[in-house]
Amino acid sequence: MRHARRRRRQAVVTAVAALLLVTGTSYVRALTYPGSASWSDRSVEWVRDHGGGGVVDAIESWYYSRQAPATSGRPQDALSAPAVGRAVQHRAGSLLPLGAPRVRLVTTLSPAPGEGVWRPLGVGGRMWQTWVRPDPRHPPVVAAAVLVPAGVARLHLVGGTREPVPDPNATGRVPSSALGTLLATFNAGFKMKDSHGGWEVGRSPQVPLVNGRASLVITRAGGWRVGAWGHDVGPAADVAAIRQNLDLVVTGGRPVAGLTSNAHGRWGSAHSQFEYTWRSGIGVDQAGDLIYVAGRSMRLSTFADAMARLGVVEGMELDIHTDMVSFNAVVARHGDQVVMRRLLSTMASSSRRYLKTDQRDFLYLTAVSAP
(Lines give C-alpha, C1' and ligand atoms only; values in the text may rest on other atoms or scores of the structure.)
Protein backbone atom coordinates (compact mmCIF):
# COMPACT_ATOMS: atom_id res chain seq x y z
CA MET A 1 0.00 0.00 0.00
CA ARG A 2 2.81 2.35 0.95
CA HIS A 3 4.60 1.65 -2.31
CA ALA A 4 1.35 2.30 -4.23
CA ARG A 5 0.88 5.69 -2.56
CA ARG A 6 4.52 6.56 -3.28
CA ARG A 7 4.07 5.66 -6.94
CA ARG A 8 0.91 7.81 -7.13
CA ARG A 9 2.74 10.76 -5.56
CA GLN A 10 5.62 10.29 -7.95
CA ALA A 11 3.20 10.19 -10.88
CA VAL A 12 1.51 13.39 -9.70
CA VAL A 13 4.83 15.16 -9.18
CA THR A 14 6.02 14.02 -12.59
CA ALA A 15 2.81 15.23 -14.25
CA VAL A 16 2.96 18.62 -12.50
CA ALA A 17 6.64 19.01 -13.39
CA ALA A 18 5.91 18.14 -17.01
CA LEU A 19 3.02 20.65 -17.09
CA LEU A 20 5.19 23.41 -15.62
CA LEU A 21 7.96 22.57 -18.06
CA VAL A 22 5.61 22.72 -21.04
CA THR A 23 3.86 25.91 -19.96
CA GLY A 24 7.10 27.48 -18.80
CA THR A 25 8.78 26.75 -22.12
CA SER A 26 5.75 28.11 -23.98
CA TYR A 27 5.76 31.30 -21.91
CA VAL A 28 9.49 31.85 -22.43
CA ARG A 29 8.97 31.44 -26.17
CA ALA A 30 6.22 34.04 -26.04
CA LEU A 31 8.49 36.48 -24.21
CA THR A 32 11.35 35.98 -26.67
CA TYR A 33 9.40 35.67 -29.92
CA PRO A 34 10.76 38.00 -32.64
CA GLY A 35 9.13 41.40 -33.02
CA SER A 36 8.51 44.44 -30.86
CA ALA A 37 5.93 43.98 -28.07
CA SER A 38 6.00 44.88 -24.40
CA TRP A 39 6.35 42.29 -21.64
CA SER A 40 2.78 42.96 -20.52
CA ASP A 41 1.36 42.58 -24.04
CA ARG A 42 3.24 39.33 -24.55
CA SER A 43 2.01 38.01 -21.20
CA VAL A 44 -1.62 38.91 -21.82
CA GLU A 45 -1.58 37.40 -25.29
CA TRP A 46 0.04 34.22 -23.92
CA VAL A 47 -2.82 33.90 -21.43
CA ARG A 48 -5.33 34.45 -24.24
CA ASP A 49 -3.65 31.81 -26.39
CA HIS A 50 -3.78 29.27 -23.55
CA GLY A 51 -7.49 29.35 -22.78
CA GLY A 52 -7.66 32.53 -20.72
CA GLY A 53 -9.30 34.76 -23.32
CA GLY A 54 -12.62 34.90 -21.48
CA VAL A 55 -10.92 35.90 -18.23
CA VAL A 56 -8.85 38.60 -19.94
CA ASP A 57 -11.93 39.99 -21.72
CA ALA A 58 -13.90 40.07 -18.45
CA ILE A 59 -11.10 41.90 -16.63
CA GLU A 60 -10.66 44.42 -19.46
CA SER A 61 -14.40 45.10 -19.66
CA TRP A 62 -14.61 45.58 -15.89
CA TYR A 63 -11.62 47.92 -15.85
CA TYR A 64 -12.27 50.05 -18.94
CA SER A 65 -16.00 50.40 -18.32
CA ARG A 66 -15.11 52.16 -15.04
CA GLN A 67 -12.69 54.65 -16.62
CA ALA A 68 -15.25 57.30 -17.52
CA PRO A 69 -13.55 60.62 -18.38
CA ALA A 70 -14.23 63.91 -16.61
CA THR A 71 -17.57 65.64 -17.17
CA SER A 72 -15.97 69.08 -17.50
CA GLY A 73 -12.67 70.73 -18.26
CA ARG A 74 -10.29 71.47 -21.11
CA PRO A 75 -9.55 69.03 -23.96
CA GLN A 76 -7.54 66.15 -22.51
CA ASP A 77 -5.38 65.60 -25.63
CA ALA A 78 -3.57 67.77 -28.13
CA LEU A 79 -2.30 67.19 -31.65
CA SER A 80 1.36 66.32 -31.26
CA ALA A 81 2.62 66.68 -34.81
CA PRO A 82 3.07 70.40 -35.66
CA ALA A 83 1.09 71.85 -38.53
CA VAL A 84 3.44 72.70 -41.41
CA GLY A 85 1.42 75.58 -42.83
CA ARG A 86 -1.69 77.65 -42.49
CA ALA A 87 -5.18 76.31 -42.95
CA VAL A 88 -6.43 76.97 -46.47
CA GLN A 89 -9.17 79.53 -46.97
CA HIS A 90 -11.91 77.83 -48.99
CA ARG A 91 -15.65 77.30 -49.26
CA ALA A 92 -17.21 80.67 -48.62
CA GLY A 93 -14.74 81.74 -45.94
CA SER A 94 -14.55 78.53 -43.94
CA LEU A 95 -11.08 77.24 -43.07
CA LEU A 96 -10.95 74.06 -45.16
CA PRO A 97 -8.49 72.62 -47.69
CA LEU A 98 -9.87 71.90 -51.11
CA GLY A 99 -12.11 68.81 -51.01
CA ALA A 100 -11.92 68.26 -47.25
CA PRO A 101 -15.16 67.34 -45.48
CA ARG A 102 -16.74 69.88 -43.18
CA VAL A 103 -16.36 68.80 -39.56
CA ARG A 104 -19.64 68.75 -37.63
CA LEU A 105 -19.03 70.05 -34.11
CA VAL A 106 -21.25 69.21 -31.14
CA THR A 107 -23.66 72.12 -31.04
CA THR A 108 -23.98 72.16 -27.24
CA LEU A 109 -20.24 72.76 -26.82
CA SER A 110 -18.65 76.13 -27.57
CA PRO A 111 -15.99 75.61 -30.26
CA ALA A 112 -12.45 75.48 -28.90
CA PRO A 113 -9.60 77.21 -30.80
CA GLY A 114 -8.62 75.06 -33.78
CA GLU A 115 -11.40 72.53 -33.28
CA GLY A 116 -12.71 71.24 -36.60
CA VAL A 117 -10.13 73.15 -38.66
CA TRP A 118 -8.10 71.10 -41.14
CA ARG A 119 -4.42 72.01 -41.06
CA PRO A 120 -1.45 70.55 -42.98
CA LEU A 121 0.38 67.63 -41.37
CA GLY A 122 3.86 66.27 -42.01
CA VAL A 123 6.18 66.70 -44.97
CA GLY A 124 5.11 67.24 -48.54
CA GLY A 125 1.68 68.80 -47.99
CA ARG A 126 -0.15 65.53 -48.61
CA MET A 127 -1.91 65.00 -45.25
CA TRP A 128 -4.20 67.11 -43.09
CA GLN A 129 -5.14 66.90 -39.42
CA THR A 130 -7.93 68.14 -37.17
CA TRP A 131 -9.80 67.21 -34.01
CA VAL A 132 -13.26 67.33 -32.51
CA ARG A 133 -14.92 66.81 -29.12
CA PRO A 134 -17.63 64.21 -29.84
CA ASP A 135 -19.06 63.59 -26.36
CA PRO A 136 -21.23 66.37 -24.85
CA ARG A 137 -21.37 64.50 -21.52
CA HIS A 138 -17.57 64.36 -21.36
CA PRO A 139 -16.25 67.56 -23.04
CA PRO A 140 -12.52 66.81 -22.43
CA VAL A 141 -12.65 63.79 -24.79
CA VAL A 142 -10.88 64.41 -28.09
CA ALA A 143 -11.00 62.47 -31.38
CA ALA A 144 -8.25 63.34 -33.86
CA ALA A 145 -8.32 62.72 -37.60
CA VAL A 146 -5.87 62.56 -40.48
CA LEU A 147 -7.13 63.20 -43.99
CA VAL A 148 -5.22 61.80 -46.98
CA PRO A 149 -6.68 63.04 -50.30
CA ALA A 150 -7.01 60.39 -53.00
CA GLY A 151 -4.14 60.34 -55.47
CA VAL A 152 -1.45 62.01 -53.36
CA ALA A 153 -0.23 58.94 -51.46
CA ARG A 154 -0.02 55.16 -51.68
CA LEU A 155 -1.25 52.84 -48.92
CA HIS A 156 0.57 49.63 -47.97
CA LEU A 157 -0.27 46.67 -45.67
CA VAL A 158 2.53 44.76 -43.92
CA GLY A 159 2.38 41.55 -41.88
CA GLY A 160 4.07 41.23 -38.50
CA THR A 161 5.86 38.26 -36.98
CA ARG A 162 2.67 37.04 -35.24
CA GLU A 163 -0.16 38.62 -37.21
CA PRO A 164 -1.87 37.75 -39.48
CA VAL A 165 -0.12 34.37 -39.01
CA PRO A 166 2.96 33.45 -36.96
CA ASP A 167 6.05 33.98 -39.09
CA PRO A 168 9.29 34.63 -37.18
CA ASN A 169 10.98 35.48 -40.49
CA ALA A 170 8.53 38.26 -41.43
CA THR A 171 10.13 41.69 -41.85
CA GLY A 172 7.34 43.35 -39.84
CA ARG A 173 8.58 46.86 -40.55
CA VAL A 174 8.61 49.60 -43.17
CA PRO A 175 11.06 48.52 -45.89
CA SER A 176 14.19 50.65 -46.09
CA SER A 177 13.43 51.36 -49.74
CA ALA A 178 10.28 53.23 -48.68
CA LEU A 179 11.89 55.59 -46.15
CA GLY A 180 12.64 58.24 -48.79
CA THR A 181 8.93 58.71 -49.53
CA LEU A 182 7.41 57.64 -46.19
CA LEU A 183 4.59 59.86 -44.92
CA ALA A 184 3.10 57.97 -41.97
CA THR A 185 2.65 54.62 -40.23
CA PHE A 186 -0.39 53.42 -38.29
CA ASN A 187 -1.97 50.40 -36.63
CA ALA A 188 -4.17 47.85 -38.35
CA GLY A 189 -7.01 45.90 -36.72
CA PHE A 190 -7.62 43.29 -34.02
CA LYS A 191 -5.65 40.06 -33.85
CA MET A 192 -7.02 37.90 -36.64
CA LYS A 193 -8.77 35.40 -34.37
CA ASP A 194 -10.65 38.31 -32.78
CA SER A 195 -11.30 40.25 -35.99
CA HIS A 196 -13.82 37.70 -37.37
CA GLY A 197 -12.32 38.45 -40.75
CA GLY A 198 -9.49 37.74 -43.15
CA TRP A 199 -6.19 39.12 -44.42
CA GLU A 200 -4.67 39.07 -47.87
CA VAL A 201 -1.62 40.45 -49.63
CA GLY A 202 -1.21 39.21 -53.17
CA ARG A 203 -3.54 36.68 -54.72
CA SER A 204 -3.73 34.10 -51.92
CA PRO A 205 -5.27 35.08 -48.56
CA GLN A 206 -3.13 34.33 -45.52
CA VAL A 207 -6.41 34.24 -43.54
CA PRO A 208 -9.64 33.46 -45.45
CA LEU A 209 -11.83 36.44 -46.22
CA VAL A 210 -15.33 36.55 -44.71
CA ASN A 211 -18.38 37.82 -46.54
CA GLY A 212 -20.00 40.88 -44.99
CA ARG A 213 -17.02 41.91 -42.86
CA ALA A 214 -15.75 45.48 -42.83
CA SER A 215 -12.84 45.58 -45.26
CA LEU A 216 -10.05 47.98 -46.11
CA VAL A 217 -9.16 47.21 -49.72
CA ILE A 218 -5.86 48.42 -51.17
CA THR A 219 -5.39 48.60 -54.93
CA ARG A 220 -2.25 47.83 -56.91
CA ALA A 221 -1.78 51.57 -57.42
CA GLY A 222 -1.89 52.13 -53.65
CA GLY A 223 -5.45 53.47 -53.61
CA TRP A 224 -8.10 52.42 -51.13
CA ARG A 225 -11.73 51.44 -50.69
CA VAL A 226 -13.70 50.71 -47.50
CA GLY A 227 -16.92 48.71 -47.27
CA ALA A 228 -18.57 45.41 -46.44
CA TRP A 229 -16.93 42.55 -48.32
CA GLY A 230 -19.17 41.06 -50.97
CA HIS A 231 -21.59 43.99 -50.77
CA ASP A 232 -19.74 47.31 -51.14
CA VAL A 233 -16.32 45.94 -52.09
CA GLY A 234 -15.12 42.61 -53.44
CA PRO A 235 -12.63 40.77 -55.64
CA ALA A 236 -11.27 42.81 -58.54
CA ALA A 237 -8.29 42.76 -60.87
CA ASP A 238 -6.77 45.85 -59.24
CA VAL A 239 -6.88 44.55 -55.65
CA ALA A 240 -3.47 44.12 -53.98
CA ALA A 241 -4.37 43.69 -50.30
CA ILE A 242 -7.35 43.35 -47.96
CA ARG A 243 -7.58 43.82 -44.20
CA GLN A 244 -10.88 42.85 -42.57
CA ASN A 245 -11.96 43.75 -39.03
CA LEU A 246 -15.40 43.18 -37.48
CA ASP A 247 -18.42 44.94 -39.06
CA LEU A 248 -18.72 48.49 -40.37
CA VAL A 249 -19.34 51.13 -37.70
CA VAL A 250 -20.27 53.95 -40.10
CA THR A 251 -22.20 53.67 -43.35
CA GLY A 252 -23.90 56.35 -45.39
CA GLY A 253 -22.24 58.97 -43.18
CA ARG A 254 -24.02 57.73 -40.02
CA PRO A 255 -23.15 55.33 -37.20
CA VAL A 256 -24.74 51.95 -37.87
CA ALA A 257 -27.57 50.66 -35.70
CA GLY A 258 -26.83 48.24 -32.85
CA LEU A 259 -23.51 49.60 -31.61
CA THR A 260 -24.76 49.91 -28.03
CA SER A 261 -25.96 46.31 -27.89
CA ASN A 262 -23.14 44.67 -29.90
CA ALA A 263 -25.54 41.94 -31.00
CA HIS A 264 -23.84 38.64 -31.87
CA GLY A 265 -20.43 40.13 -31.02
CA ARG A 266 -20.29 42.08 -34.27
CA TRP A 267 -17.84 44.59 -32.77
CA GLY A 268 -15.75 42.53 -30.39
CA SER A 269 -16.20 40.70 -27.10
CA ALA A 270 -19.33 41.07 -24.99
CA HIS A 271 -19.64 44.52 -23.38
CA SER A 272 -16.51 45.84 -25.15
CA GLN A 273 -18.75 48.53 -26.65
CA PHE A 274 -19.10 50.08 -23.17
CA GLU A 275 -15.37 50.37 -22.49
CA TYR A 276 -13.90 53.86 -22.18
CA THR A 277 -10.66 53.19 -23.98
CA TRP A 278 -8.38 54.13 -26.85
CA ARG A 279 -10.01 53.44 -30.21
CA SER A 280 -8.97 53.85 -33.82
CA GLY A 281 -10.72 53.53 -37.15
CA ILE A 282 -10.39 54.16 -40.84
CA GLY A 283 -12.81 55.16 -43.57
CA VAL A 284 -13.41 57.20 -46.67
CA ASP A 285 -15.21 60.50 -47.16
CA GLN A 286 -17.64 61.43 -49.90
CA ALA A 287 -14.78 62.19 -52.30
CA GLY A 288 -13.01 58.87 -51.64
CA ASP A 289 -10.27 60.42 -49.49
CA LEU A 290 -8.84 58.33 -46.65
CA ILE A 291 -9.58 59.36 -43.05
CA TYR A 292 -7.88 57.81 -40.00
CA VAL A 293 -9.47 58.59 -36.61
CA ALA A 294 -8.16 57.93 -33.09
CA GLY A 295 -8.79 59.00 -29.51
CA ARG A 296 -9.08 57.77 -25.95
CA SER A 297 -11.80 57.51 -23.32
CA MET A 298 -14.48 56.64 -25.87
CA ARG A 299 -17.18 54.02 -25.99
CA LEU A 300 -17.85 52.46 -29.37
CA SER A 301 -20.97 54.50 -30.12
CA THR A 302 -19.14 57.75 -29.27
CA PHE A 303 -16.24 56.78 -31.48
CA ALA A 304 -18.50 55.95 -34.43
CA ASP A 305 -20.21 59.31 -34.00
CA ALA A 306 -16.80 60.99 -33.97
CA MET A 307 -15.89 59.30 -37.25
CA ALA A 308 -19.11 60.52 -38.86
CA ARG A 309 -18.57 64.06 -37.54
CA LEU A 310 -15.09 64.06 -39.07
CA GLY A 311 -16.44 63.25 -42.53
CA VAL A 312 -16.32 59.44 -42.75
CA VAL A 313 -19.15 58.05 -44.90
CA GLU A 314 -18.00 54.39 -44.83
CA GLY A 315 -15.86 53.40 -41.91
CA MET A 316 -14.56 50.53 -39.79
CA GLU A 317 -12.95 50.24 -36.39
CA LEU A 318 -9.29 49.26 -36.22
CA ASP A 319 -7.46 48.23 -33.04
CA ILE A 320 -8.29 49.46 -29.53
CA HIS A 321 -6.57 49.97 -26.14
CA THR A 322 -3.53 51.93 -25.03
CA ASP A 323 -0.61 50.09 -26.60
CA MET A 324 -2.39 49.25 -29.84
CA VAL A 325 -3.48 52.65 -31.21
CA SER A 326 -0.58 54.30 -33.01
CA PHE A 327 -0.38 56.92 -35.78
CA ASN A 328 2.99 58.49 -36.54
CA ALA A 329 3.65 61.16 -39.16
CA VAL A 330 6.96 62.06 -40.78
CA VAL A 331 7.53 65.71 -39.84
CA ALA A 332 11.08 66.09 -41.17
CA ARG A 333 13.36 64.19 -43.51
CA HIS A 334 17.13 64.20 -43.89
CA GLY A 335 17.82 61.91 -46.82
CA ASP A 336 16.52 58.51 -45.77
CA GLN A 337 16.54 59.53 -42.09
CA VAL A 338 13.08 60.52 -40.89
CA VAL A 339 11.78 62.39 -37.85
CA MET A 340 8.38 61.09 -36.75
CA ARG A 341 5.78 62.46 -34.38
CA ARG A 342 2.69 60.89 -32.81
CA LEU A 343 -0.68 62.21 -33.92
CA LEU A 344 -1.82 62.70 -30.32
CA SER A 345 0.53 63.61 -27.46
CA THR A 346 -0.77 60.83 -25.19
CA MET A 347 -0.33 57.93 -27.62
CA ALA A 348 1.79 55.34 -25.82
CA SER A 349 3.68 53.56 -28.60
CA SER A 350 7.01 54.83 -29.88
CA SER A 351 6.75 57.22 -32.82
CA ARG A 352 9.20 54.91 -34.63
CA ARG A 353 7.33 51.73 -33.76
CA TYR A 354 6.99 50.31 -37.27
CA LEU A 355 10.51 51.23 -38.37
CA LYS A 356 11.70 48.07 -36.60
CA THR A 357 10.25 44.56 -36.66
CA ASP A 358 6.85 44.36 -34.97
CA GLN A 359 4.64 41.42 -34.03
CA ARG A 360 1.45 43.02 -35.35
CA ASP A 361 0.46 43.88 -38.91
CA PHE A 362 0.28 47.57 -39.75
CA LEU A 363 -0.21 50.10 -42.55
CA TYR A 364 1.97 52.84 -43.95
CA LEU A 365 1.68 55.66 -46.48
CA THR A 366 4.20 56.81 -49.08
CA ALA A 367 4.11 59.88 -51.30
CA VAL A 368 3.44 59.62 -55.00
CA SER A 369 6.04 61.14 -57.32
CA ALA A 370 4.11 64.39 -57.80
CA PRO A 371 2.50 66.46 -55.00
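The second largest pocket of this predicted model is lined by 13 residues, and those nearest its centre are Pro101, Ala308, Gly311, Val312 and Val313. Its volume comes to about 150 Å³. If you sort the lining of this pocket by character, you find five nonpolar, four polar and four charged residues.

Now for the enclosed spaces. How many cavities of 30 Å³ or more does the structure hold? There are two.

The largest cavity has a volume of about 40 Å³. Its lining includes the run Asn187, Ala188 and Gly189, and also Asp319, Met324, Arg353, Tyr354, Arg360 and Asp361. Four of the lining residues of this cavity are charged, three are nonpolar and two are polar. Among the residues that line the largest cavity are Arg353, Arg360, Asp319 and Asp361, and these count as charged.

The second largest cavity holds about 30 Å³ of space. Phe190, Trp267, Ser272, Arg279, Leu300, Glu317 and Ile320 make up its lining. Here the division is four nonpolar, one polar and two charged. Ser272 is one of the residues lining this second cavity, as are Arg279 and Glu317.

Here are the three spaces side by side:

| Space | Volume | Nonpolar | Polar | Charged |
|---|---|---|---|---|
| Largest cavity | about 40 Å³ | three residues | two residues | four residues |
| Second largest cavity | about 30 Å³ | four residues | one residue | two residues |
| Second largest pocket | about 150 Å³ | five residues | four residues | four residues |

Key:
Residues numbered from 1 in each chain as written. Predicted model: local features only at pLDDT ≥ 70, side-chain atom pairs only at ≥ 80, totals over all residues. Heavy atoms only, no water. 1 Å grid on protein atoms, 1.4 Å probe; cavity = no way out; pocket = protein on both sides within 12 Å on 5 of 7 lines; lining within 4 Å. Points joined across faces, edges and corners; volume = space filled by probe spheres on them.
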